[in-house]
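Do you have the viewer open? Let's walk through a few side chains together, one selection at a time.

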Amino acid sequence: GQALPEADAYLAKLNVAYENSWVKIKEADQSARKIQLKKYAHNLLDLERKLKDAGKLEPLLAVRREIARLKQDGSLQGADAGGSTELQRLLTPYAKLLDDIGLATEKRRYSLSRKLDKSLGNLQASYTKENRIEDAEALRSEGLLLNASFPKTAADTAEMVRSIGDRLSSRDAAERIARDIEERAARAAASAGDAVRWAYPI
């Protein structure tokens, strides 16, 4: 069927708003990580000087390896204290800080995605008069194409987004949103063994 102009424009606007918000979230994440890594690098150099003055060869070599590795990949991922207690004491709190930054970013992304899901649901509801069956049948009898769905899982939600995009001739925008939902669901499934704290308001 042909796209509904108002809905098509709204979906496009919704997608732009989502993309812009996600860019801001990623920029905030990168900025926070950069600040902590800069502090970590500074403290590494300070620790290097102290170990050199103390004549502690093995810890000193471990710190120098860490400095070289940090310059190469710019992250704490895969960092190895190499048996150095001094380096481990320095590394541990910064690793936790970066984990906390990542967790905060995922929470903000989840909140953003929830808002998107709600907006998509409102859009769908607006074209079925709050999803009343009798209204939907009346609209269908007038020759209008309707989209009916009841997503219960992330995969269902992704398919709902694709179906809305298909009906509104906005397949590309819908596909980007649907893939993002699927990617987040895959990451959540991969870390399913980790303890997760959550609340379900009623």
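Start by selecting lysine 50, which is exposed in this predicted model, with a relative accessible area of 53%. Add aspartate 46: the two form a salt bridge, their closest N and O atoms 3.4 Å apart. They sit four residues apart in helix H1, so about one helical turn separates them. Aspartate 46 is partly exposed, at 27% relative accessible area.

Now pick aspartate 180 and arginine 109, whose side chains meet in a salt bridge at 2.0 Å, N to O. This pair links distant parts of the chain, with aspartate 180 in helix H6 and arginine 109 in helix H3, 71 residues apart. Aspartate 180 is buried, with a relative accessible area of 8%, and arginine 109 is buried with 8%. Keep arginine 109 selected and show tryptophan 22: the arginine lies over the face of its ring, 3.9 Å from the ring centre.

Next, colour helix H6, residues 171-190. Its buried residues include Ala173, Ile177, Asp180 and Arg184. Look down the helix axis and you will find the buried residues within an arc of 155°, so they line one face. On the other side, Arg171, Asp172, Ala189 and Ala190 are exposed.

For the last stop, which rings make up the one aromatic pair? Select tyrosine 40 and tyrosine 94: their ring centres are 5.3 Å apart and their planes at 50°, so the pair is tilted. Tyrosine 40 belongs to helix H1 and tyrosine 94 to helix H3, so the pair ties together parts 54 residues apart in sequence. Both tyrosine 40 and tyrosine 94 are buried.

Conventions
Residues are numbered from 1 along each chain as its sequence is written. This is a predicted model: local features need pLDDT of at least 70, side-chain atom pairs count only at pLDDT 80 or more; totals for chains, interfaces and linings use all residues. Side-chain values use heavy atoms; hydrogens and water are left out. Helices (H or I, at least four residues) and strands (E, at least two) are DSSP runs, numbered from the N terminus. The expected span of a helix is 1.5 Å times one less than its number of residues. Buried means under 20% relative accessible area, exposed over 50%, partly exposed in between (1.4 Å probe, protein chains only). The arc is that of the directions from the helix axis to the C-beta atoms. Rings of Phe, Tyr and Trp (its six-membered ring) pair if their centres lie within 6.5 Å; planes under 30 degrees apart count as stacked, over 60 as edge-to-face and the rest as tilted. A charge sits over a ring if NZ of Lys or CZ of Arg is within 6 Å of the ring centre and within 35 degrees of the ring normal. A salt bridge is a side-chain nitrogen of Lys or Arg within 4 Å of a carboxyl oxygen of Asp or Glu.
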